[in-house]
Amino acid sequence: MSTETRARPPAAHRRPGRLGRAEPKASDRRRAGVGRLAAVLLSPTLITLGLVVGYPVVEALRLSLTVTDQHINQETGLIERTGQLGFDNYTGLFRGESGARFLNALWNTTSFALATGTLVTVLGVLMALVMHRAFRGRGLFRAAVLIPWAIPTAISALLWRWIFSTDGIANDILNTQILWTTEGFHAWLSVVIADTWKTAPFIGLLVLAGLQVIPAEVYEAAKVDGSSPWHTFWKITLPLVKPALVVAVLFRLLDLLRMFDLPFVLVGRGKRSVETLSMLAWDDMQNLRFGPAAAYAVVLFAYTAVVAYLFIRVLGADVVGRGMEGKR
Amino acid sequence: MYRPSWGRTVGALVLALVAGGVTACGNGGGGTTAQPGQFEGRGPITLAQGKDTTGTVQGQLDRWNTDHPNEKVTLAELPESADQQRQQFIQNAQTKSDAFAVLNMDVIWTAEFAANGWIQQLPEDQFPLGEMLPSTVATGKYFNKLYAVPYNTNAGLLFYRKDLLDQVQAQPPKTWDEMQATCAKVKALPAAAGIGCYAGQFDKYEGLTVNFSEAVQSAGGKVVDDEGKPTVNSPEAKAGLEFLVNGFKSGLIPRDAVTYQEEPGRRAFQEGKLIFHRQWPYQWTLANATDGSSKVAGKFGVAPLPGKSGPGSSSLGGQNLAISTYAKNKATALDFIKWFANVENAKKNLDSNSLAPVYSSIYSDSALQQKFAYLSVLKQSLDSAVARPRVVAYGDATLAIQENAYAAITGAKAVDAALADMQNKLTEVTARR
């Protein structure tokens, strides 16, 4: 974000000035002054970001490359550790038992992101369309829709744990005897349901904001031309709301890729059917294997970065607020 | 037109950074060996432990602080969850901070903390270890050296529906077969239609390790032998796991029980859905509540756990006290532990917090026996109780047990295969460290 802000003033300045270097020197000096001022004004942000984001990333990278070899001294019983640099923590991700666990977690993470991402997008858009219409009790409806989003994830996970308990409402309504929190597809499904319930309002809210800026004239014109509601939705509403929708879905997707608290509280730690990459990193950290834990975190980071990049490239999500610039 | 630029790439990276949440964590180096006797320095210290919900601990600290104005002890309250307490202790040790002096630790952490040099070896001759239950003292030892002093203990009991057993003139069962037979009789009663027979804690978490170990021990086996070598490939271990697996198959254990942790199991027992329930003593008071929360108040009794061919054996719970290697004023800390873990305080902890004492003498106190009717049964259970595996990598060991025991009771793995896998994994875990 900061790079963007810093890079823009000179670029904007240069565009009208076709004459190149022929401008007066005073302007150059002023420009340098403005640049310095900008740098000074931005430095607190940059330093803070460097400390809370940059440093941990570098440190995680370093840790993930530190291979710790440890054994117990048979006389004292104390652990003796030696550390060296190497890629063993990464190669370990794909080998043997831990490899199977890693691939399983990667699959869970991805499948959660895809399934829940799709569901919340569809439901969120539907919610927004309903919230956008004028009807009695609209205020109440809007507030009600937002409640799930306002509840902390861990709390909603506890609520859903009750719903999915053996004698809970879910089994009552479905008239089944499913043991939701045991290993299996149903555990995975329970997480998808709970997460969809919780986060569809987030998409709904952002899409609603996008809907509200679409001018009414466009719809009137469509009406005059005799467009069907379905046609209007696909040709007018969706394209015009797309910038807001894509950003909302991107944020949701990034959140989903690092999912931790919901499966952890709802189904429980150590259950393979819902173990995500974050849970795996947490588990290794709990068992004091910081190298492999950092390796998981770095892989998750890279995975998230790739997904974000692809999303921005393919769907043109406008995350940094460059507005219409790209279209000029 | 679309124009690829660094801005987008950087934007994606920054987003991933913020959202991806890359966490870094300090690497822990091994500590130095501290021999007993190096307890120097006097002054204020802290006692770090879970929430003091009843205020009993603060009351005890106030008394100590009045007597020792220059060596005051402050209470550092940690979250209630044991995992979070452990995490805080470890962070404290890795930053070599002196914030926590005396640590109130779960019995299963001793090996890990001692091996990492985070807690100090204690002088055995300065504690009345002879008066304590031997199995509890064993939980404070690592490589035959004392690292932590038993503070309180815990063992499982068999809660049974006395009213129903009386109706079929049955005594609380001593063996699994007796339990099954009694259960069949009770189920034939019209009053007990649809009741479940037996449950423990069988969800995939620490409770499963406890219940699996108990089944193995109650069949005469051991999860880990005295040398610390895993022995879950023995015929006894097989008999133990088979009891659980067949229990689920035959309906002795209700299907739901595979989701039970302590609390869901307690709810089921309190709603009258179980005849027998393996549970910690805390259930006694709650299930006896007469405010309507329990349908079985006054209708149940407790007995030691049943076994394969005689009385069973419980896993050992409880807390130990240890001194952080990085603490200041260790002389004060040592004195404080001696006082804090003494008989009087143990009695008080039982009286107001229902914490099971580690001193055998307290169990014969008639006033306390009157107040806690389960006390003599608990003593019987404690006498045959066995500590969970004392492994440095306990987290890995317990996961290996949970993973395979769970697979067996849910039918995903055959008993033999589950035990063979468990044996392999435990061997690897105990050898690696």
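This is a stop-by-stop tour of the structure, with something to select at each stop.

**Before you click**

You are looking at a predicted model, in which local features need pLDDT of at least 70 and side-chain atom pairs count only at pLDDT 80 or more, while totals for chains, interfaces and linings use all residues. Residues are numbered from 1 along each chain as its sequence is written, and chains are lettered from A and ligands numbered from 1 in the order in which they are written.

The model scores are ipTM 0.80 and pTM 0.84. Now colour chain B by pLDDT, the predictor's confidence in each residue, from 0 to 100. Chain B averages 89, and 91% of its residues score at least 70. Then select residues 18-34 of chain B: pLDDT stays under 50 there, and the model has 55 contacts beyond four places in sequence for this stretch. (A contact means that the C-beta atoms of two residues, placed from the backbone, lie within 7 Å.) Where pLDDT is low, the predicted coordinates should not be read in detail.

**Stop 1: chain A**

Select 2-64 of chain A as domain 1 and 92-327 as domain 2; such bounds come from an automatic or database domain assignment. Between them, 5 residues of domain 1 are in contact with 7 residues of domain 2. Helix α2 of chain A, residues 25-64, gives the most to the domain 1 side, with 4 residues. (Helices are DSSP runs of H or I with at least four residues, strands are E runs of at least two, and both are numbered from the N terminus.) That domain 1 side divides into 3 nonpolar, 1 polar and 1 charged residue. Here Ala, Val, Leu, Ile, Met, Phe, Trp, Tyr, Cys and Pro count as nonpolar, Asp, Glu, Lys and Arg as charged, and the others, Gly among them, as polar.

**Stop 2: the two domains of chain B**

Move to chain B and give domain 1 (45-153 + 317-382) one colour and domain 2 (155-315 + 389-432) another. Their C-alpha centres lie 28 Å apart. In the contact zone, 16 residues of domain 1 of chain B meet 18 residues of domain 2 of chain B. On the domain 1 side, α4 (110-115) and α15 (375-383) each supply at least two residues, and α15(B) has the largest share, 5 residues. Sorted by type, this side holds 9 nonpolar, 6 polar and 1 charged.

**Stop 3: an open sheet**

Show the strands β2-β1-β3-β11-β6 of chain B: these 5, in that order, form an open sheet with mixed pairing. Two strands pair if DSSP finds at least two bridges between them. Which strands stand at the edges? Those are β2 (73-77) and β6 (149-155) of chain B, each with a single partner strand, so one side of each is left without a neighbour in the sheet.

For a single pair, select β1 (45-49) and β3 of chain B, which run parallel over 2 bridges. L47(B) is opposite V102(B) in β3(B).

**Stop 4: a covered strand**

Next, select β7 of chain B, residues 157-161: 5 of its 5 residues are buried. (Buried means 20 or more other C-beta atoms within 10 Å of a residue's own, exposed 12 or fewer, partly exposed in between, with C-beta atoms placed from the backbone.) Turn the view to see both covered faces: L157(B), F159(B) and R161(B) are on one side, L158(B) and Y160(B) on the other.

Add the partner strands. β9(B), residues 274-279, runs antiparallel to β7(B) with 4 bridges, and R278(B) is the bridge partner of L158(B). β10(B), residues 300-303, also pairs with β7(B) in the antiparallel sense over 4 bridges, with G301(B) opposite Y160(B).

Now select α10 of chain B (262-270), where the buried residues include P264(B), R266(B) and F269(B). Among the elements covering the buried residues of α10(B) are β7, β9 and α11 (283-287) of chain B. After α10(B) comes G272(B), with a positive phi near 75°.

**Last stop: two loop residues**

Most residues other than glycine have a negative phi, and most peptide bonds are trans. K96(B) has a positive phi near 50° and sits in the loop between α3 (82-94) and β3 (102-106) of chain B. Q169(B) also has a positive phi near 50°; find Q169(B) in the loop between α6 (162-167) and α7 (176-187) of chain B. Is Q169(B) buried or exposed? Q169(B) is exposed, with 8 other C-beta atoms within 10 Å, whereas K96(B) is partly exposed, with 13.
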